[in-house]
Amino acid sequence: MTTSSSSAVQNNNLKEKLIKVVVLIFLLLVLVAALFFTHYGNNKYTRQTLKLNGSLSTGDGLFKMNCVGCHGITARGLVGPDLHAVTDRLSDSQIITQVTKGLTPPMPSFEIEPQNMADLLTYLHTLN
Ligand code: HEC
């Protein structure tokens with residue numbers, strides 16, 4: 001009697017452990033999938049942007065509308081840093097991340113079409 005009831009307890013413990021392991025594996029899979037899709041999404045936007053030819057005049061206009069408040073009308077810096085030679089310091093994909101991800105407040109994240117992002121990059125490349 002004692003033996004059989006203690007083995008029933010052991011069985012229950014084993015079941016609980018199994019359920020925990022299954023739940024953990026499931027959560028891990030969800031996490032990996034989420035990371036994969038975020039990463040893939042980012043890369044897709046960046047790859048698409050880097051394939052496009054930017055227009056300097058559109059980029060200049062976009063900069064005047066969206067960026068001068070913080071980076072200054074001549075991009076010499078105000079609240080945000082001077083952006084001259086920024087294309088030497090950062091790669092194009094780093095700049096895309098800077099503009100679209102909002103990782104460094106107070107700089108906001110911009111929801112911007114790949115073509116407009118390419119235009120902005122072209123403009124930034126002219127700041128030496
Ligand atoms: C609300 C203010 C603000 C606006 C608007 C803004 N920025 Fe910024 N930006 C900043 C600040 C502040 C930093 C510095 C962030 C840090 O490094 O912590 C920065 C950093 C950057 C950098 C990185 C500079 C470096 O040397 O690392 C780039 C590139 C940049 N901004 C581009 C842009 C562009 C392009 C726009 C317009 C689409 C824009 N920013 C709009 C505030 C702003």
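Pro81 is found in the loop between helix 3 and helix 4 of this predicted model. Pro81 is partly exposed, because 15 other C-beta atoms lie within 10 Å. Along the chain, Pro81 and His71 are 10 residues apart. In space, 6.1 Å separate their C-alpha atoms.

The loop between helix 3 and helix 4 also holds Leu78. Leu78 has 13 C-beta neighbours inside 10 Å and therefore counts as partly exposed. Leaving aside residues up to four places away in sequence, Leu78 touches Cys70, His71 and Gly72. Leu127 is 49 residues from Leu78 in sequence. The C-alpha atoms of Leu78 and Leu127 are 16 Å apart.

Two alanines with positive phi belong to this loop as well. Ala75 lies in the loop between helix 3 and helix 4, and so does Ala85. Most residues other than glycine have a negative phi. Ala75 is not a glycine, yet its phi is positive, at about 60 degrees. Ala85 has a positive phi near 60 degrees, again in a residue other than glycine. Their burial is given by neighbour counts. Ala75 has 20 C-beta neighbours inside 10 Å, so Ala75 counts as buried. A residue is buried at 20 or more such neighbours and exposed at 12 or fewer. Ala85 has 11 C-beta neighbours inside 10 Å, so Ala85 counts as exposed.

A further backbone feature concerns a pair of prolines. Most peptide bonds are trans. The bond from Pro105 to Pro106 is cis. Its omega is near 10 degrees. Pro106 is found in the loop between helix 5 and helix 6.

The ligand has 21 residues around it. Of these, Cys67, Cys70, Gly80, Thr104 and Met107 come nearest. Three elements give two or more residues to the shell: helix 3 (68–71), helix 4 (86–89) and helix 5 (92–101). By class, the shell consists of 14 nonpolar, six polar and one charged residues. Cys70, one of the residues that come nearest the ligand, is also among the residues that Leu78 touches.

Helix 6 covers residues 114–125, a run of 12 residues. At 1.5 Å a residue, helix 6 should span 16 Å. The expected span is 1.5 Å times one less than the number of residues. The end C-alpha atoms of helix 6 are 16 Å apart, so the model agrees with the expected span. Buried residues in helix 6 are Asn116, Met117, Ala118, Asp119, Leu120, Leu121, Tyr123 and Leu124.

Phe63 connects this helix with helix 2 through contacts. Phe63 lies in helix 2, residues 56–66. Phe63 touches Val68, Leu120 and Tyr123, with residues up to four places away in sequence not counted. Two of these partners, Leu120 and Tyr123, are buried residues of helix 6. Phe63 itself counts as partly exposed because it has 19 C-beta neighbours inside 10 Å. Lys20 is 43 residues from Phe63 along the chain. The C-alpha atoms of Phe63 and Lys20 are separated by 52 Å.

The domain assignment of the protein chain gives domain 1 (1–51) and domain 2 (53–128). The centres of domain 1 and domain 2, taken over C-alpha atoms, are 40 Å apart. Five residues of domain 1 are in contact with six residues of domain 2. On the side of domain 1 that touches domain 2, two residues are nonpolar, three are polar and none is charged.

At the level of the whole chain, the secondary structure comes to six helices and zero strands. From the N terminus on, the elements run α-α-α-α-α-α. The radius of gyration of the protein chain is 26 Å. A compact globule of 128 residues would have a value near 14 Å. Along the principal axes, the C-alpha atoms fill a box of roughly 85 × 30 × 25 Å. Buried residues make up 13% of the 128 residues. Among contacts with a separation of 6 or more, 68% are between residues 24 or more positions apart.

Conventions. Residues numbered from 1 in each chain as written. Predicted model: local features only at pLDDT ≥ 70, side-chain atom pairs only at ≥ 80, totals over all residues. Near = placed C-beta within 6 Å. Helix = DSSP H or I, 4+ residues; strand = E, 2+ residues; numbered from the N terminus. Nonpolar A, V, L, I, M, F, W, Y, C, P; charged D, E, K, R; others polar. Domains from an automatic or database assignment. Contact = placed C-beta atoms within 7 Å. Rg over C-alpha atoms; globule rule 2.2 N^0.38 Å.
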